[in-house]
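Okay, thanks for squeezing me in, everyone. I'll put the structure up, and then we'll go through one residue and after that the sheet.

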Amino acid sequence: MSPVAYEKDGAVGIVTLAKPPHNLIDNVMLQALAAAYEQAVGEGCRAILLRSSMRHFCAGADLNLLPVERWSQSELARLWALLEDVPVPTVAAVHGAALGGGFELALMCDMIVAADTATFGMAEASLGLLPLLGGVQRVAQRAGVARAKEMAMFGRRHDARALERWGVINLVAAEAELAAASLSWARQLAAGATVAFRSIKTVANLAARGGIAAADAQQEEANTMMWNSRDQKRGLDAFAATGPGSAVFEGN
């Protein structure tokens, strides 16, 4: 049985972590996750929702396998490219605990919607480890260097409201409403201007990684992709005919 399930809900690809009991990460899971993302894009999904069917979102790496499944820098770069730079918006729906690598999987999504009962943490330092999937730098992107060092060095668990205040999480929802809220976000993104969203995502990621100059250097390329899209014409035509917010985009 695959540790990751995939289904298509309209234009949303729903990717579900499904490895009992706590979605512990190993190479098989990461490969299945990357394959599910690729399948979603290949089937024309215009947004991806990452969620869990277990008690927790993901409790981190399988420590029994960690010493023998170390990833090289090139393998990590490929994983980040597949999960973080996938050309459609991604939303993580987090409940329970998102710890270590589980937190890092959520951080690779464009947006995080969390249950008000969810907890987050990077406890790798207590094992003499550095967070291995890029969690330190991704918290630094969202919340600043001081918060990233605090989370990684102390290894404490933090609640969803705290991380929302820090800018790590986009939205906190009541646990009973998490599934509906996160799917609503994914559906709204899937109905939007997919080509423009891809350009926005590209420029934002470039700015986060290399600063404004890196994003500015690619601005013309991003603009060209947007201007060449049919959705751009649909958006402007709808604005002229019926006003703002009236366009129906088709993702091309």
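So, Arg-138: you'll find that arginine in helix H4, which covers residues 135-143. Keep in mind that we're looking at a predicted model.

Is Arg-138 buried or exposed? Its relative accessibility is 7%, and the cut-off for buried is under 20%, so Arg-138 counts as buried.

Then what does Arg-138 touch, if we skip residues up to four places away in sequence? The list is Trp-80, Glu-84, Leu-107, Met-108 and Leu-133. Let me take a few of those in turn. With Glu-84 there's a side chain to side chain polar contact at 2.9 Å. With Trp-80, Arg-138 lies over the face of the ring, 4.6 Å from the ring centre. And Met-108 is 30 residues away from Arg-138 in sequence, yet C-alpha to C-alpha they're 7.9 Å apart in space.

There's another arginine over a ring, by the way: Arg-156 has its charged end over Phe-154, 4.0 Å from the ring centre. As for aromatic pairs, the structure has one.

Okay, on to the sheet. It's an open one with six strands, running E1-E2-E3-E4-E6-E9, and the pairing is mixed. At the edges sit strand E1 (4-9) and strand E9 (171-173), each pairing on one side only. From one strand to the next, the twist averages 20°.

If you want to zoom in on one pairing, try strand E3, residues 47-52, with strand E4, residues 90-94: those run parallel, with three bridges. One to click on is Ile-48, whose bridge partner in E4 is Thr-90.

That's me done, thanks.

Note on methods:
Residues are numbered from 1 along each chain as its sequence is written. This is a predicted model: local features need pLDDT of at least 70, side-chain atom pairs count only at pLDDT 80 or more; totals for chains, interfaces and linings use all residues. Side-chain values use heavy atoms; hydrogens and water are left out. Rings of Phe, Tyr and Trp (its six-membered ring) pair if their centres lie within 6.5 Å; planes under 30 degrees apart count as stacked, over 60 as edge-to-face and the rest as tilted. A charge sits over a ring if NZ of Lys or CZ of Arg is within 6 Å of the ring centre and within 35 degrees of the ring normal. Helices (H or I, at least four residues) and strands (E, at least two) are DSSP runs, numbered from the N terminus. Buried means under 20% relative accessible area, exposed over 50%, partly exposed in between (1.4 Å probe, protein chains only). Contact means heavy atoms within 4.5 Å. A polar contact is a pair of N or O atoms within 3.5 Å; within protein, one must be able to donate a hydrogen and the other to accept it, and residues adjacent in sequence count only if both atoms are side-chain atoms. Two strands pair if DSSP finds at least two bridges between them. Axes are lines fitted to C-alpha atoms, for helices over the stretch in contact, and angles run from 0 to 180 degrees between N-to-C directions.
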